[in-house]
Amino acid sequence: MTADDVTRAAKTRAKILDAFARAERVLFTRPAPKSARAQMKFLRTREKGSTKSLAERLGVSRKTVQRYLSGASTKPNKRLQEALVQETESEWQPQVRAQARQRAASSGGLVISCRAYFGLGPEGTSDAGRVRDISVAVSPSHAAAIIAAQEEGATESDLHDAVAEAIADAYFRQGGGGRAGLEVKFADVEWLNIAF
């Protein structure tokens with residue numbers, strides 16, 4: 001892989017992870033804590049009451065955590081606010097997320113919508129590569145592979161390949177036919193959404 005390919009794969013991985021986070025937020029049965037104090041309290045419980053490990057997790061001092069917990073500070077800077085939101089949502093309602101992932105991997109599959117470059121065949125043919133808007137339901141087996149790759153912290157190229165293969169099978173190779181061995185290039189993802 002060239003340096004450009006690595007950069008593209010990293011950007012695609014970030015878009016896939018962001019799409020998973022957005023899809024999971026839709027599933028929440030109760031809203032996640034919004035205030036900095038409520039987020040700190042919630043995250044402290046997830047750290048088994050340790051303000052020291054919470055401070056390390058957020059990249060701030062222990063004194064900063066204690067100020068927010070006591071209510072002395074209420075307006076975090078942009079970096080801390082983003083960390084609080086991200087960490088809170090990553091820990092919020094783990095059973096709801098686990099059930100949705102299990103359902104997707106066993107019976108429901110995922111719906112992937114994206115705008116990206118898809119290359120199928122040589123230039124000058126109807127299958128020539130171009131940017132396409134695609135929305136497709138992928139099978140539970142592909143959903144399981146994507147979810148497993150995401151949960152295991154797969155490399156950029158592995159996660160990219162899992163999503164590319166799922167889209168290729170569901171959209172371009174559906175029904176087998178003469179297109180079963182069709183090679184599909186998936187690149188330059190402009191946006192990507194995932195729904196359970």
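Helix 5 runs over residues 78–91, and the check on it is its length. This is a predicted model, and everything I say is computed from it. At 1.5 Å a residue, the 14 residues of helix 5 should span 20 Å. The C-alpha atoms at its two ends are 20 Å apart, so the expectation and the model agree.

Now the ends of that helix. At the N-terminal end, Asn77 acts as the cap of helix 5. A side-chain oxygen of Asn77 lies 3.3 Å from the backbone nitrogen of Arg79. On the other side, Gln93 follows helix 5, and the phi of Gln93 is positive, near 45°.

Which residues of helix 5 are buried? They are Leu80, Ala83, Leu84, Glu87, Thr88 and Glu89. You will notice two glutamates in that list, Glu87 and Glu89. The cover over the buried residues of helix 5 includes helix 1 (3–27), helix 2 (36–46), helix 3 (51–58), helix 4 (62–70) and helix 6 (94–108).

I will take one residue of helix 5 in detail, Thr88. Its relative accessible area is 1%, and the cut-off for buried is under 20%, so Thr88 counts as buried. A polar atom of the Thr88 side chain lies 2.7 Å from the backbone oxygen of Leu84. Setting aside neighbours within four places in sequence, Thr88 is in contact with Ala32, Pro33, Gln39, Phe42 and Leu43.

Next, two of the covering helices, helix 2 and helix 4. Two packed helices are described by the angle between their axes and the distance between the axes. For helix 2 and helix 4, the angle is about 115° and the axes are 8 Å apart. The crossing of helix 2 past helix 4 is left-handed. From helix 2, the contact involves Ala36, Arg37, Met40, Lys41 and Arg44; from helix 4, Val65, Tyr68, Leu69 and Ser70. By class, the residues of this contact are 5 nonpolar, 1 polar and 3 charged.

Last, a residue in a strand. Ser113 sits in strand 1, residues 110–119. Is Ser113 buried or exposed? Its relative accessible area is 17%, which falls under the 20% limit, so Ser113 is buried. The side chain of Ser113 makes a polar contact of 3.0 Å with the side chain of Ser135. Not counting residues up to four places away in sequence, Ser113 touches Ile134, Ser135, Trp191, Leu192 and Asn193. Ser135 therefore appears twice for Ser113, as a residue it touches and as its polar partner, with Ser113 itself buried at 17%.

How values were computed. Residues are numbered from 1 along each chain as its sequence is written. This is a predicted model: local features need pLDDT of at least 70, side-chain atom pairs count only at pLDDT 80 or more; totals for chains, interfaces and linings use all residues. Side-chain values use heavy atoms; hydrogens and water are left out. Helices (H or I, at least four residues) and strands (E, at least two) are DSSP runs, numbered from the N terminus. The expected span of a helix is 1.5 Å times one less than its number of residues. Buried means under 20% relative accessible area, exposed over 50%, partly exposed in between (1.4 Å probe, protein chains only). Contact means heavy atoms within 4.5 Å. A polar contact is a pair of N or O atoms within 3.5 Å; within protein, one must be able to donate a hydrogen and the other to accept it, and residues adjacent in sequence count only if both atoms are side-chain atoms. Axes are lines fitted to C-alpha atoms, for helices over the stretch in contact, and angles run from 0 to 180 degrees between N-to-C directions. A crossing is left-handed if the near helix is turned anticlockwise from the far one by less than a right angle, and right-handed if clockwise. Ala, Val, Leu, Ile, Met, Phe, Trp, Tyr, Cys and Pro count as nonpolar, Asp, Glu, Lys and Arg as charged, and the others, Gly among them, as polar.
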